[in-house]
Amino acid sequence: MSRIIVIGNGMVGYKFCEKFANHPNSDKYSLTVFGEEPRPAYDRVHLSEFFQNEDAKALELAPKNWYSENNIELITNEKVKDINKSAKIITTANNKEYSYDVLVLATGSSPFVPQIKGVDKKGVFVYRTIEDLEQMMKYAKEINAQKNNGKAAILGGGLLGLEAGKAVMDMGLEAHVVEFASKLMPRQLDIRSSNVLQLKLESIGINIHLNKATNQILGEEKITGLEFGEDDKLDVDMLIVSAGIRPRDGLARNCDLEVGIRGGVVVNNKMQTSDSSIYAIGEVALYNQMIYGLVAPGYDMANVAVNQILGNTEVLMPDDIDMSTKLKLIGVDVASFGEPYMPADKGHSVLFEDKSKFLYKRINVSLDGKKLLGGILVGDADDYNMLHQIYLNGMAIPENPEDLILGARSGEKSSFGSACDLPDSAVICSCENVTKGTICNNLENGTFSSFGDITKNTKATTGCGGCKPLVNDLYKETLKKLGKEVKEVVCEHFQYSRQELYDIVKIKGITSYEQLLNEYGKGDGCEVCKPVTSSIFASIYAETANKHNVNQDSNDKFLANIQRNGTYSVIPRIPGGEITPDKLIVIGQVAKKYNLYTKITGGQRIDLLGAELKDLPSIWKILIDAGFESGHAYGKALRTVKSCVGSLWCRYGMDDSTTLAIKLEERYRGLRAPHKLKGGVSACIRECAEARGKDFGIIAVDGGWNLYVCGNGGANPKHAILFAEQIDSETVFKYLDRFLMYYIKTAGPLVRTAAWLDKLEGGIEHLKEVVINDSLGIAQDLENEMEKLVETYECEWKQAIEDPKLEKRFNHFVNSNESDDNLVFIPMREQQVPKEW
């Protein structure tokens, strides 16, 4: 008989045994299975149930006698330490040798334990085996005997981490889930579904801490807490590490089987490794450059391996593995199928959200609306099986794809336009068939009193979201018609508009977010108000993004735009697009040294893309030493002032556009605003600098310059409007000083100048009165404020590289200077770009 040895008796190893036992050719082979643990294979998926009944037998997939009854030799509590490929012999930790004809590696994975200082302290556990759980329970009993309010943290907010959170509660401890990412279950859920799940978990008593990088584990011999930052700590008595898995491929490495760069034994579609006599299945197998952490693909691998070994060679692993899954997580239905999140150029998403009931549904459909591509369900996954079948079989979907998650409804085609002029019968939200009359009439009769009431009762804006601006306009205009105040507050933590907060900060002399929140806000703040207030401080006090970096979004925090693969861009300022050969050479040298993708931007600058976070300070030191400074391409600030070559070279040029552009860019560099700012200067009406597509544009004419304001490109392009004619350069600067400061003081968060002007009462004529005729008597104040910002300008990258404390944040890992080994690049046109998702 041919001898088959399986190393590993986990769920996938057991499935191999089950498939083997049921195969008609199994009587021609002998099968021996080695398991490290003292018991037969058990159900790790339901591992948390052990906390409720402490019955390991209840988790067993099959008792020991099942193996013998099926002519399978099971050897437990025996670790295999070596494989001799040429002799086809394995050696155990007890130095026993066993020969094989075919070897199957089902060693699975081991918990990934980050190299955090103090991780070896007493009270730190991993969540993987029944023995791990038994040790946790014993330690929890000790904590409960000493105090009534014991706390335990779980490091990791993935599937297993959240299960561990429930386990902590079952042990009588207060649960705290700590996740490095900005959302729970980052691999399976989008941010909305993660938020709904978070609300549900918090409602049952699990505390969630997101965006937390653990620096060290506190305590002497045993854990007393976690430290995330200098003043950011969490007191806990126990820590359960559930930060992911790593393939257990040590045996394969030691016998020179081919393994992946990031681990895992490379296999083909027969589950064969680089040695045709050795197979690998489950979480140790690297198939199509992927480790599949779900049980279903592992079971498929076991089935393929059994059939290949026993002679049914036509059974192969498919190229595309379905990673769809449905589970009940701490009593909450969570499911994802197909492509749960998807690039906008591939299809559309339809969403339904009801946070009061902890429900979230999302489906992704093809651009032509004919195919279901994937989706996410949280709180109610009753429709998962049907949706999954539609996706798998490419079945036709309804004309209104939202019917798949919201039920069939009558529908009209949408009719978008001006909210003021539309008839009551106009359909504002085509996803939900909500009319203007439905919204306005319910607001007028008092049924709806807030924007939230509209969305909750009509579901308008919860589908594709495209109708939100129109719904918002209807809401505001109807309230105004009723004589009610319409107040655009920054967020739930501040009952003030951005303009009001700006005035509060300036008049009261407030210099920190914490002071502003304590005196004029409530709660702990959020990702909306923190960047907004940081922008206000910068606009008033000429502070760089370094001052409030912990409150910034990723781009401002790291002074660079994050790219889709987690690397960053480097874009030095090149005023007016003018650059010397020496500076060009320096940019080229930097790009070559750090292997950066290089591209000329539409704003007449040079993009250096693909920089790792840890390399940003070094790159910028070279650039700053060569005379460059930050281009603020990452900030809500002045980006560029584009120019043509002007009268210096062009025979059509009526004035020196390049010099004026350089002076403008150098004056307003680093100017923080509600949104990004762009300028342009053209030397004639041929408009080579596209000045009328900018927030401010200047065009040379007979007798001086024409000044245009409030234009923009992008998704909704708008021509800038003529503001002043035939003015000299000095007047250009004077008017722009006033215009920009007035915009900064009065615009809402993330509102471009074009949208701001559309909402400004009195429009362009009012703006002319304020800026040109000083109708409000504030022109001199605006000029003085701008002058102060200009005089106190600092390059924030120069600031960052000269201050060791500021420079410390530029590390991908908080406890290591190593590179991110997740980064994968592919060659393209003699450069490198990120590998496609």
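In which strand does Lys642 lie? In this predicted model, Lys642 belongs to strand β31, which comprises residues 638-643. Its relative accessible area is 12%, and because buried residues are those under 20%, Lys642 counts as buried.

The surroundings of this buried lysine include two polar partners for its side chain. One of them is the backbone oxygen of Gly602, which the side chain of Lys642 reaches at 3.1 Å, while the other is the side chain of Glu690, joined to that of Lys642 by a polar contact of 2.9 Å. When residues up to four places away in sequence are left out, Lys642 touches Gly602 and Gln604, as well as Ala661, Gly679, Gly680 and Val681, and also Ala689, Glu690 and Lys694.

A second region of interest is strand β7, formed by residues 102-105. In a regular strand, side chains alternate between the two faces of the sheet. In β7, Val102 and Val104 lie on one side and Leu103 and Leu105 on the other, and since all of these residues are buried, with buried defined as under 20% relative accessible area, both faces of the strand are covered.

Strand β7 also has two pairing partners, which can be described in turn. With strand β1, made up of residues 2-7, β7 pairs in the parallel sense over four bridges, and within this pairing Ile5 stands opposite Leu103. With strand β19, made up of residues 278-280, β7 is joined by three bridges, and these two strands likewise run parallel; here Leu103 stands opposite Ile278. Leu103 therefore faces Ile5 in the pairing with β1 and Ile278 in the pairing with β19, where strands are taken to pair if at least two bridges are found between them.

Technical notes:
Residues are numbered from 1 along each chain as its sequence is written. This is a predicted model: local features need pLDDT of at least 70, side-chain atom pairs count only at pLDDT 80 or more; totals for chains, interfaces and linings use all residues. Side-chain values use heavy atoms; hydrogens and water are left out. Buried means under 20% relative accessible area, exposed over 50%, partly exposed in between (1.4 Å probe, protein chains only). A polar contact is a pair of N or O atoms within 3.5 Å; within protein, one must be able to donate a hydrogen and the other to accept it, and residues adjacent in sequence count only if both atoms are side-chain atoms. Contact means heavy atoms within 4.5 Å.
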